[in-house]
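Here is a short briefing for a reader new to this structure. Please look over the sequence and the model first.

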Amino acid sequence: CERLVGVDRYSDWPASVKKLPVVGGGLDPSVESVVALKPDVVLLSDASKAAERLQALGLKVVALDVKSKADIHRVLGTLGQLMGVPQAQGADRVWRALESGIEAVVRDLPERTRHTRVYFEVSRGPYAAGPQSFIGETLTQLGVDNVVPAELGPFPRLSPEFLLRAQPDVIMLGNRSMQAATSYPGWNNLQAVKAGRVCVFTDEESFAIVRPGPRMAQAAALMARCLAEKAPGKAAGAR
């Protein structure tokens, strides 16, 4: 973090980065603000249209794309190379910590949560986490079944009718998504909603889950907590 000179408006972890200059969004940064910071390298999404302009102004740009866990591993390696950190001390160490953290969460899950049919809404749309996404892959490690078919891609936009047909056992939503979800047609007819099997993550929790990176073990723990509390068969009032 001490090498950072600026961030986008969504960067809020760890807390120290909140003191840095904000240069716009991940997809629409202020080119002038970035140039003024004189960075050695600019990291941005490969979906950003600012890359060519920044390169034309003489800045080194590295575009990153993360949809799966393999992408996370690859990007960790890319960042390590950029910063001159040996693979064993950087990317590999962080990756092993992530994997071991998730494995520990999986070991502690009650057996009754296995094969729970889960729907995870990433953002309003509704945009869901498919099995090929890093969120979906973590759900698979947790032993549950994703109601979103793999052929729809990592983060497909679904129709509200899809949920009515799928009837998931448990629904996981970020707080902001939840505020919009209640207006989806047929929402109150979902069995999971009627039974109270909906997990509404706080903004802070949701950010840890939907933003790929070093907090993936924390994300797994949050989803596991949801499963332990909401999976069908849980005794009323049990902890």
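What follows covers helix packing, one buried lysine and the nonpolar cores.

This is a predicted model. Helix 4 (residues 91–108) is a good place to start: its axis comes within 8 Å of the axis of helix 10 (residues 216–230). The axes of helix 3 and helix 4 also come within 8 Å.

**Helix 4 with helix 10**

- The two axes cross at roughly 15°. Angles under 35 degrees count as roughly parallel, so helix 4 and helix 10 are roughly parallel to each other.
- Helix 4 passes helix 10 in a right-handed crossing.
- On the helix 4 side, the contact uses L98, G101, I102 and V105. They meet M216, A217, A220, A221 and A224 of helix 10.
- By class, this contact has 8 nonpolar residues, 1 polar residue and no charged residues.

**Helix 3 with helix 4**

- Here the axes cross at roughly 150°. Angles over 145 degrees count as roughly antiparallel, so helix 3 and helix 4 are roughly antiparallel to each other.
- The crossing of helix 3 past helix 4 is right-handed.
- Helix 3 brings K69, I72, H73, L76 and G77 to the contact. Helix 4 brings A91, D92, V94, W95, L98, E99 and I102.
- The classes are 7 nonpolar, 2 polar and 3 charged residues.

**K69, a lysine in helix 3**

- K69 sits in helix 3.
- Is K69 buried or exposed? Its relative accessible area is 9%. Buried means under 20%, so K69 is buried.
- Leaving out residues up to four places away in sequence, K69 touches W95, E99, I102, F134, E137, Q141 and M216.

**The nonpolar cores**

- The largest nonpolar core has 31 residues. Those with the most contacts inside it are F120, L139, L142, M172, F201, I209 and M223.
- Several elements give two or more residues to this core. Among the helices are helix 3 (69–82), helix 4, helix 5 (134–141), helix 9 (203–210) and helix 10. The strands are strand 3 (117–123), strand 6 (170–174) and strand 7 (198–201).
- Which element gives the most to this core? Helix 10 does, with 9 residues.
- M172 is in contact with V118, Y119, F120, E121, L139, C199, F201, M223, C226 and L227, leaving aside its neighbours within four places in sequence.
- Apart from the largest core lies another, of 16 residues. Among them are A128, I171, V193 and V198.

How values were computed:
Residues are numbered from 1 along each chain as its sequence is written. This is a predicted model: local features need pLDDT of at least 70, side-chain atom pairs count only at pLDDT 80 or more; totals for chains, interfaces and linings use all residues. Side-chain values use heavy atoms; hydrogens and water are left out. Axes are lines fitted to C-alpha atoms, for helices over the stretch in contact, and angles run from 0 to 180 degrees between N-to-C directions. Helices (H or I, at least four residues) and strands (E, at least two) are DSSP runs, numbered from the N terminus. Angles under 35 degrees count as roughly parallel, over 145 as roughly antiparallel, 65 to 115 as roughly perpendicular and the rest as oblique. A crossing is left-handed if the near helix is turned anticlockwise from the far one by less than a right angle, and right-handed if clockwise. Contact means heavy atoms within 4.5 Å. Ala, Val, Leu, Ile, Met, Phe, Trp, Tyr, Cys and Pro count as nonpolar, Asp, Glu, Lys and Arg as charged, and the others, Gly among them, as polar. A nonpolar core is a set of buried Ala, Val, Leu, Ile, Met, Phe, Trp, Tyr and Cys residues joined through side-chain atoms within 4.5 Å. Buried means under 20% relative accessible area, exposed over 50%, partly exposed in between (1.4 Å probe, protein chains only).
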